[in-house]
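Reader: Got a minute to go through this one with me? Put it up and let's start.

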Amino acid sequence: MEAINNLVAGGAVTDVLFYVFAALTLLCGLLVIVNPFSRNPVTSAMFLVLTIISMTGLFVLLHAFFLAAVQIIVYAGAVLVLFVFVIMLLDLKEEQRRKIKFFGLVTGIIAVGGILSAFVKSLAALPPAAAEPRVEGDTNALGHLLFTQYALPFEIVSVLLLVAMIGVILLSKKKLE
Amino acid sequence: MHVGLEHYLTVSILLFCLGLLGVILRRNLLVMYMSLELMLNAANLALVAFSRFNNRLDGQVLVFFIITVAAAEVAVGLALIVALYRKRQSAHVEDLTSMKL
């Protein structure tokens, strides 16, 4: 018991949890785009759900509890259901393997290499952490900020949702004039 | 080594690169769209990490807005894909090269 308490106090458990969730996120993210076993879009969607759920673990480790809940409700709950629904609606066949274009591969590698090198360069310039992080992203603190300092963007986003809803209804009518 | 900001940023950038590769290499519209979601999520993770290690909550508010806008964007984008599929009977980018419907 003593040993466990010491581990928790030293942050060793959260460090291990970080590595577990980070590995899970990256593995599932990789399986979304290249799955050696299946080319079915439904499989990709399911691995996207797993990616998002393991990312929720990272959010909790960062003490962003409200965002973790929102991530589960909005992404895993609404967005992915929409994805799977559309895949079923379109009745997509299993995608046949087409040869990956050489040009696409080269462009992708160059783009990724550029981003990674820029990242490594900026990581070296990162200032050391000033203080021990103590910000808590619970519903109370975030709600207070949302309805005081960020009240105007909050209202604008609600209008945006209305616009998106009307747009989707117009787009999915049978006749596209 | 204690997990700090740079660890979270590394995960975020790797996830972003995965999404980018997915958009460039995959040919299925829906899978490309899922890769876009992956990139958005990578950006969210970076913002939450910055918010935590700078002791400010503003980053998390921004992520809240990004999630809202992303939900709206997914709805509109999927409606567009469904409308396109009705016209062309294909969700493959190589079959969708002309601008005329």
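Author: Here is a short look at how the chains meet and at the nonpolar core. This is a predicted model, where local features need pLDDT of at least 70, side-chain atom pairs count only at pLDDT 80 or more, and totals for chains, interfaces and linings use all residues. Residues are numbered from 1 along each chain as its sequence is written, with chains lettered from A and ligands numbered from 1 in the order in which they are written.

Reader: How many residues of chain A are in contact with chain B?

Author: 69 residues of chain A contact 58 residues of chain B. Contact means C-beta atoms, placed from the backbone, within 7 Å.

Reader: Which element gives the most to that side of chain A?

Author: H4(A), with eleven residues. Helices here are DSSP runs (H or I, at least four residues), numbered from the N terminus.

Reader: And at what angle do H2(A) and H1(B) pack?

Author: About 5°, with axes 9 Å apart. Axes are lines fitted to C-alpha atoms over the stretch in contact, and angles run from 0 to 180 degrees between N-to-C directions. So H2(A) is roughly parallel to H1(B) (angles under 35 degrees).

Reader: Which residues of H2(A) meet H1(B)?

Author: Among them are Phe18(A), Ala22(A) and Leu26(A). On the H1(B) side, they include Val11(B) and Leu15(B).

Reader: New topic. What does Leu45(B) contact, leaving aside neighbours within four places in sequence?

Author: Met55(A), Leu58(A), Tyr8(B), Val11(B), Ser12(B) and Leu15(B).

Reader: Which element gives the largest share of the largest nonpolar core?

Author: H2(B), with 13 residues.

Key
Contact = placed C-beta atoms within 7 Å. Helix = DSSP H or I, 4+ residues; strand = E, 2+ residues; numbered from the N terminus. Parallel < 35°, antiparallel > 145°, perpendicular 65-115°, else oblique.
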